[in-house]
Amino acid sequence: MHIHIRTLIPEDEIALAFLANNRSIYDNVRDIFPHPYTLDHARAWIDYGRSQPTLNAAITVDNCFAGCVGLIPGQDIHRVSAEIGYWLGEPFWGKGIMTTALDLWVQQIWQTFPEVHRLWAGVFAFNTASMRVLEKVGFEKEAVLKQAMIKNQVLVDEHLYSLRRS
Ligand SMILES: CC(C)(COP(=O)(O)OP(=O)(O)OC[C@H]1O[C@@H](n2cnc3c(N)ncnc32)[C@H](O)[C@@H]1OP(=O)(O)O)[C@@H](O)C(=O)NCCC(=O)NCCS
C-alpha cells in the first residue's frame with residue numbers, strides 16, 4: 001500500500017465528493033465542512049486547495065484519492081503555532097493509513113514552514129480514533145477544554161493535542 005500526500009487536482013472531484021459526502025465524517029469535523037457534500041463543493045475545495053497547496057493537500061492510497069490534510073497557520077504572536085486538520089474516506093479507515101499520512105504531512109510542514117514550531121489539533125471528546133492517530137504520530141494531550149465546542153446541538157469537551165519541533 002503506497003500512501004502519499006500531493007496537491008489536489010481537478011481529477012479528484014468525483015472521489016472527493018463521494019468520500020466527503022458522509023455523515024460519519026461531518027460528525028467529527030467543523031460545521032463549515034458541507035453536508036451533504038456536492039460536486040460543486042468538491043470543485044470549490046479543489047480550486048481553493050490548489051491556490052494554497054502548502055496549506056491543503058490530498059491523501060492518496062495507491063494513487064487513488066483517499067482524503068485530505070490541511071494546515072491553518074497562527075497569526076501574530078501565534079505565528080509559531082499552526083493547526084492541523086485531516087479526514088480520510090470511510091472505506092480506508094482502520095488500516096493505519098491516517099497515521100502514515102499525518103506523519104508525512106507533519107514532516108512536510110516542518111520542511112515548508114521553518115518558523116512553525118508547534119502543531120496542534122482540537123479533537124471532539126468522542127473521537128477516540130483521531131486521538132489515537134495523533135498519539136501514534138507523537139502528539140501529546142495538553143489539555144481538555146471543557147465544553148469548548150458544539151456539534152449537532154451538543155456541547156462537547158475539546159481535547160487539545162500538540163507536537164513541538166524537536
Ligand atoms: C480519525 C480518522 C482520521 C482515523 O483514520 P484511520 O486511517 O482509520 O486511522 P488509523 O488506522 O491510522 O489509526 C486509528 C487508530 O484508532 C484506533 N481506533 C479506531 N476506532 C477506535 C475507537 N472507536 N476507539 C478507540 N480506538 C479506535 C485504531 O485501533 C487505531 O489505533 P491502533 O493502531 O493503536 O490500533 C478517520 O476515522 C476519519 O477520517 N474520521 C472522520 C474525520 C475525523 O475524525 N477527522 C479528525 C478530526 S480531529
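This text describes the surroundings of a ligand and then one buried residue, D157. The structure is a predicted model, in which local features need pLDDT of at least 70, side-chain atom pairs count only at pLDDT 80 or more, and totals for chains, interfaces and linings use all residues. Residues are numbered from 1 along each chain as its sequence is written, and side-chain values use heavy atoms, without hydrogens and water.

The ligand is surrounded by 18 residues, each with a heavy atom within 4 Å of it. The closest are G94, T99, N127, R132 and K136. The side chain of T99 has an N or O atom 2.6 Å from an oxygen atom of the ligand. For N127, a polar side-chain atom is 2.7 Å from a ligand oxygen. In K95 a polar backbone atom takes this role, at 3.5 Å from an oxygen atom of the ligand. On its own the ligand has 970 Å² of accessible area (Shrake-Rupley method, 1.4 Å probe), and the protein covers 71% of that area.

Three elements, β4 (81–88), α4 (97–112) and α5 (128–137), each give two or more residues to this shell. Helices are DSSP runs of H or I with at least four residues, strands are runs of E with at least two, and both are numbered from the N terminus. The largest share, six residues, comes from α5.

D157 is found in strand β7 (residues 154–164). Its relative accessibility is 19%, so D157 counts as buried (under 20% relative accessible area, 1.4 Å probe, protein chains only). The side chain of D157 reaches the backbone nitrogen of Q147 at 2.8 Å. Beyond its neighbours within four places in sequence, D157 is in contact (heavy atoms within 4.5 Å) with residues including V123, F124, L145 and M149.

Note on methods: A polar contact is a pair of N or O atoms within 3.5 Å; within protein, one must be able to donate a hydrogen and the other to accept it, and residues adjacent in sequence count only if both atoms are side-chain atoms. Buried means under 20% relative accessible area, exposed over 50%, partly exposed in between (1.4 Å probe, protein chains only).
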